[in-house]
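This briefing concerns the metal sites, the ligand sites and the relation between the chains. Please read it alongside the sequence and the model shown below.

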Protein chains: 2
Amino acid sequence: MDTTQPGLDTAPLDDEELARIDAYWRAANYLTVGQIYLLDNPLLREPLRPEHIKPRLLGHWGTSPGLSLIYAHLNRCITARGLDMIYVTGPGHGGPAIVANTWLEGTYPELHPSVNHSEEGMKQLFRQFSFPGGIPSHVAAEVPGSIHEGGELGYALSHAFGAAFDNPDLTVACVVGDGEAETGPLAGSWFSNVFLNPVSDGTVLPILHLNGYKIANPTIFARISDEDRMSYFRGVGYEPFLVEGDDPAAVHQSMAATLDACFDRIAEIRADARRRANGQAVRPRWPMIILRTPKGWTGPAEVDGVPVAGTWRAHQVPLSGVRTNPDHLAMLEAWMRSYRPEELFDATGKPAPELLDLHPRGAQRMSANPHANGGLLLRDLVLPDYREYGQETEGHGRTTGEATKVLGKWLRDVISANPDRFRLFGPDEVESNRLGAAFETTDRQWQADVYPTDEHQAPQGRVMEVLSEHLCEGWLEGYLLTGRHGLFTSYEAFIHLVDSMFNQHAKWLKTTNAIPWRRPIASLNYLLSSHVWRQDHNGFSHQDPGFIDHVINKKAEVVRVYLPPDANTLLSTMDHCLRSRQYVNVVVAGKQPALQYTSMDEAVRHCERGLGIWEWASTDEGRSPDVVLACAGDSPTLEVLAAADILRQTLPRLRVRVVNVVDLMRLQPDTEHPHGLPDRQFDTVFTADKPVLFAFHGYPTLIHRLTYRRTNHENLHVRGYKEEGTTTTPFDMVMRNDLDRFRLVIDVIDRVPGLGENAAGLRQQMEDARHAAREHTRTHGEDLPDVAGWEWPH
Amino acid sequence: MDTTQPGLDTAPLDDEELARIDAYWRAANYLTVGQIYLLDNPLLREPLRPEHIKPRLLGHWGTSPGLSLIYAHLNRCITARGLDMIYVTGPGHGGPAIVANTWLEGTYPELHPSVNHSEEGMKQLFRQFSFPGGIPSHVAAEVPGSIHEGGELGYALSHAFGAAFDNPDLTVACVVGDGEAETGPLAGSWFSNVFLNPVSDGTVLPILHLNGYKIANPTIFARISDEDRMSYFRGVGYEPFLVEGDDPAAVHQSMAATLDACFDRIAEIRADARRRANGQAVRPRWPMIILRTPKGWTGPAEVDGVPVAGTWRAHQVPLSGVRTNPDHLAMLEAWMRSYRPEELFDATGKPAPELLDLHPRGAQRMSANPHANGGLLLRDLVLPDYREYGQETEGHGRTTGEATKVLGKWLRDVISANPDRFRLFGPDEVESNRLGAAFETTDRQWQADVYPTDEHQAPQGRVMEVLSEHLCEGWLEGYLLTGRHGLFTSYEAFIHLVDSMFNQHAKWLKTTNAIPWRRPIASLNYLLSSHVWRQDHNGFSHQDPGFIDHVINKKAEVVRVYLPPDANTLLSTMDHCLRSRQYVNVVVAGKQPALQYTSMDEAVRHCERGLGIWEWASTDEGRSPDVVLACAGDSPTLEVLAAADILRQTLPRLRVRVVNVVDLMRLQPDTEHPHGLPDRQFDTVFTADKPVLFAFHGYPTLIHRLTYRRTNHENLHVRGYKEEGTTTTPFDMVMRNDLDRFRLVIDVIDRVPGLGENAAGLRQQMEDARHAAREHTRTHGEDLPDVAGWEWPH
Ligand SMILES: Cc1ncc(C[n+]2csc(CCOP(=O)(O)OP(=O)(O)O)c2C)c(N)n1
Ligand SMILES: Cc1ncc(C[n+]2csc(CCOP(=O)(O)OP(=O)(O)O)c2C)c(N)n1
Ligand SMILES: [Mg+2]
Ligand SMILES: [Mg+2]
């Protein structure tokens, strides 16, 4: 293994450049320490006194000097080479370092004039950090130039790659903590380079921040052999460059030389790839950097007799109790003065001119790059008229169709119409989720080897498939945050893998809604189409409809959940989702051949309503019903209709109302969710006092949770998934969970006043029907033809 | 990079051995195809007819021949070397292959006598697979020898390592799919070898199943260069051996030679490490295998003009429509006959004697190894009397203590008392969660380099820290499933990372409850102690109490949620959890200095009740109150008590009842959860008609969801986390979410009939108090002394 690094032996910076970059770095470090510690006396005009110190010392020093070193050196390269670059901070807890840099670059003062380049502005900068009413400790949405908060570790690289796709001139510098690199999601992200096209996509420059420690432990990457570490990064396809040391001047030279080498290499790779027209797949060996410097570098070496800088003790706040411990106070002052603030800032608090000279100007500043405020660049999708893709239907519940297959045709044309701003992401399930029509117009993007037997693997393509839900989600988030559009299709059960990533994204959206300079971005759209009821060949481990429960815990203003029952409602829903902004839309839809209930016209109106009475299936003639049968989701809708059919045939005088819910948020009060139906309207549909049987796609408690404040909640009885599953037939699955048509009829008999005794015969027939249906599956391995072949006969 | 492999050039099998192992493999393949396709005619005594074929063809052929090849060869080694081994199947969708092997080994027939070694038994075996009322398609809990279903991909290696810890003589063969290897959790698992001690732990032998494809895509690992692949696996610390080919005889020889080399190497490494007494950390370069054979090997090469074997098309069922397509039927028959069943089974369906000779006997069979039915080996923990570790209290709500710190002392002694069967897992948060006392008796297990400045890193230790929640969870699950005990401590927000892993484990527990031969295992215990209310320095991204919402979607019989409000209740709760079996216990508790409410005696009784009235805090004198103030969680309990104090001082005649809930499941009806309080009892505590204000740790809807069926639900008003957060003070956090004492007093005024107008002055004072409290934080950066220093004064 060859580990010699180009550039290590050269010293590209002349004395002045070296002095300038070091001053810039010292300034950033000074401002970082100031944010963590100081309430006042920002320029240290007088000796530090306890009252200058914050009462609560919050923040993470350890990672900060490294982050600022990288930032300063990237600035030099941006200016020298005219690069278009953004910065993704894996260790987002180093918030004060990044904020310091945005202040030095002038972006922060532009957005927040009171935090300007003055003594008072610097005081504000210090005070507001991690302070009530101030700014958060992380590189959150409040920080200009950030698309990645870095609170929950693991997504830096996938966000970076998402940002780079379809941005051929962009470079995304991505700092990965050596602790962060232990997480599964991060470990699974390195191979993103297999998917990045050097012609049509930009470049990610990963920088492993090998400062040796996480919180209280050393990191794995810091304690394996150099050879293994190099071997690992070569294995994932990179050319790793090592920058190592603790002498600032030497590290500056090495870092400058290495970055020069990396950007030369990147330029070469790009030029090379772009030279060959419509070239074959190439997977270039992109450069990456391993930066090995001490954690908490330039901070206190020893505190109270134990080493701090260069150990895990530097992670958060190296000096504690500074208000009460005069020694610590003195150490803090010495530490801050070691950066020689008098050289860095003039008497008014303004950064010295040579600092201001270092950083790029205008939108070239990483903190002002529009890619990091994607809404600025967002262009609408060109959407073909979905009405023209509708499934032809005859009557209601008689035509069979495959919802996602129908959607696939429309998606194909969405892809064609938006070749530079829409991508489809999935863990190798695009084909199995019946969206294969996409491949009539595009391919799966893939730079690794292709065999003659392969289909639809190509250097460029709009479909991104990798067996990692984390990577799909991270790429898509990065893609959206930089102003593009996309759709993630996954098994319903396994989307739980990204529960926590969804959380972070939803929080980001909520936060940005309140930040005036952040522009709205396209919604994050999920299509969950291998759902709980149709895991015929996978069984229990693949049966979990709980993602939507998880989603609705987040702020109502950012989440939407749809359960279109058939192809046309799915088309209408998806068109709506792809036009929306600042939401997370979850769409659950079937991929199996199933009955179609709505014509295109009806679908449009039904989806606009969000929920509605299906007159054609009801026998209440628009007047007060005896019972309401409500449903949400394709399988429950089928069972409700089959139950309504039985009731119509056996109890012709019973007035049954069938209600279908597409937009789940309609069920909530309008005080809780912007889509919520006002109580009066809700009561009109669900009545104030009649039994309501709700056949639901997911866990029944979700419906109760949405409706517990409604007038008629006492009479609401919900059937849904009760965690009973296995490999079996579709009808056996609904029977196991008491969601089947026969059970629903029994529920009606048991709940409609006056029916009980009078329908005892029917009740027994229904029990027998369940028994017969179950027996049939046990003998023949498939559902009864009458059940499987049922159609709406009226 | 040296890629030459020992063993590749040798042919260790003589003709007879080769013939035998090949026959065994053919038998397993035959039985696999039979399970996927046949209802009848298992021995192909007559030509296949459509009615012999299952109506629904479900299952995954592609991975199966590889899984069986490995199984057969491992069997040979177990017998030859007397190994103690279990088999973890990453691609768990290859269920029929593993079931076939358990049948050949005789384990399956022992457990299910009707599925015996006879023609009728074989017919049963075929029929039941993926059949309604039969067995699932995956290597689920129903499959003897499995500790890993492999439905949700990504956890094979972490489970395998969990099984190996503290089992020094065990070898865990772990097959990893090349698709699975793309997942984040799997990619983050390779470095588990940094934590495995060669003296006191067993060995994991990873086998990368490089069959080239996932569902419809090639895999990354199959399409990068040989050099990069080798480099990757050397980088993660292994010595990779390559077995490659598609000629069975050659692959048999190579596989046998390679396994011999691997087991020699493992024996050497163990002997070597064990020779040096109390040796230093060594991280041996353990062997691993890359098995590169075609997907769907030995299956149809081409179907309907397109290649199948060796392509992605072999993933599931290579021949479809066999009932209706005579060509396919003929191909199926030819395929099955290609295994020469007449040589493999005698006329009665019994496997030929030479097959029965190949596999090990008794508990040496991987399908009968007791480690894979951990409950068989489970021994109780020796638990020191937690009562002796209690926090001394004076009165109620006056002493300050740190709950997890107190727990830490007990945990330390639990660790000491159980040096071979208890481990503590966490993503580098044991110290920060204040459980540092553990390090008085043990260390963090770590085989990589150790520096003089390190603390508590040692080759052996009971604490497992790695910055990967997935790895912590997977290790712990593997450890529990093989009959040991453990505790996972994590930030509350980030435990969502393992939502889906929790799902799979809860499903496993639910399933095993119904499998008579599976013995109960120790519960999976979570301690979430950096919780939503005290993320003072981390902010919004770290604030999410939704894991418990997620958990209670799973079967009531397997989940438990506890919110002990102080140290003594935490001790009592944790003692209970560590004694329990077959549950997932979630315990949310504080780590910050906080008021203590219960003496040890009170704590014991309170936890036994699960919820109860705190008489000392109530003014209802045991009679009907005017209002109930309920609370769950440490921060809400503090606010409720402070509110009760204000009410006592300002409205002395108001009869207030304070109820604290430790066991959240008590709130549910007893029909829904075994811990549920019967309605009558519930109504006694919460009244049938009085306003109940519930201050809750998590999202308010969770309480509604648990109580919507209760008599007094209409009067229940819940305050909790409503997704408003940032970096701020503890009291500002509760104010932002309307959970603060002042807001609770306002709620009382607004809801208790008759108070409104009469308490208008107090209401206004409360508003002013909120205002003042907020202002104070904005000015001083910390909470008002009166608020932060409040104690129960009565
Ligand atoms: C998924 C996740 N788990 C745990 C944490 C808690 N945590 C915060 S910082 C940190 C250590 C990070 O180490 P590293 O990535 O090396 O960053 P640096 O050393 O640069 O601070 C941990 C474990 C987290 N933020 N995210
Ligand atoms: C986390 C997760 N995502 C998606 C799937 C759907 N899935 C089932 S099998 C499979 C392909 C597995 O490929 P590989 O691991 O190579 O197994 P093999 O080729 O041996 O079948 C996928 C994507 C899954 N089971 N788990
Ligand atoms: Mg680090
Ligand atoms: Mg594979």
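In this predicted model, the magnesium ion (ligand 4) has as protein donors D178(B) through OD, N211(B) through OD1 and Y213(B) through O, lying 2.1 Å from the ion. Donors are N, O and S atoms within 2.8 Å of the metal (3.2 Å for Na, K and Ca), and water is not among the atoms, so sites may look incomplete. Local features need pLDDT of at least 70 and side-chain atom pairs pLDDT 80 or more, while totals for chains, interfaces and linings use all residues. Residues are numbered from 1 along each chain as its sequence is written, chains are lettered from A and ligands numbered from 1 in the order in which they are written, and side-chain values use heavy atoms, with hydrogens and water left out.

**Magnesium sites**

- Along the chain, the donors of the magnesium ion (ligand 4) follow the spacing D-x32-N-x1-Y.
- D178(B) sits in the loop between strand 2 (170-177) and helix 7 (184-187) of chain B, and N211(B) in the loop between strand 3 (203-209) and helix 8 (220-223) of chain B, so this pair ties together parts that are 33 residues apart in sequence. Helices (H or I, at least four residues) and strands (E, at least two) are DSSP runs, numbered from the N terminus.
- For the magnesium ion (ligand 3), the protein donors are D178(A) (OD), N211(A) (OD1) and Y213(A) (O), at 2.0 to 2.2 Å.
- The spacing of the donors of ligand 3 along the chain is D-x32-N-x1-Y.
- In chain A, D178(A) belongs to the loop between strand 2 (170-177) and helix 7 (184-187) and Y213(A) to the loop between strand 3 (203-209) and helix 8 (220-223), so the pair joins parts that are 35 residues apart in sequence.

**Site of ligand 2**

- Ligand 2 lies between chains A and B.
- Around ligand 2 there are 24 residues, of which E469(A), T63(B), H93(B), D178(B) and K295(B) come nearest; a residue counts as near if one of its heavy atoms lies within 4 Å.
- The shell around ligand 2 comprises eight nonpolar, nine polar and seven charged residues. Ala, Val, Leu, Ile, Met, Phe, Trp, Tyr, Cys and Pro count as nonpolar, Asp, Glu, Lys and Arg as charged, and the others, Gly among them, as polar.
- A polar side-chain atom of T63(B) is 2.6 Å from an oxygen atom of ligand 2.
- Backbone N or O atoms of E180(B) and of Y213(B) each lie 2.8 Å from an oxygen atom of ligand 2.
- Of the 590 Å² that ligand 2 exposes when taken alone, the protein buries 99% (Shrake-Rupley method, 1.4 Å probe).

**Site of ligand 1**

- Residues from chains A and B surround ligand 1, so this site is shared between chains.
- The 25 residues around ligand 1 include T63(A), H93(A), D178(A), K295(A) and E469(B), which come nearest.
- An N or O atom in the side chain of D178(A) is 2.7 Å from an oxygen atom of ligand 1.
- The protein covers 98% of the 590 Å² of accessible area that ligand 1 has on its own.

**Relation of the chains**

- A turn of 180° with a shift of 0.0 Å along the axis lays chain A on chain B with an RMSD of 0.0 Å, superposed by least squares on the C-alpha atoms of residues with pLDDT of at least 70 in both.
- The two copies are thus related as by a two-fold rotation axis.
- Of the interface residues of chain A, 100% are also interface residues in chain B, so the copies meet through the same surface (contact means heavy atoms within 4.5 Å).

Terms used: Polar contact = N/O pair within 3.5 Å; in protein donor to acceptor, adjacent residues only side chain to side chain.
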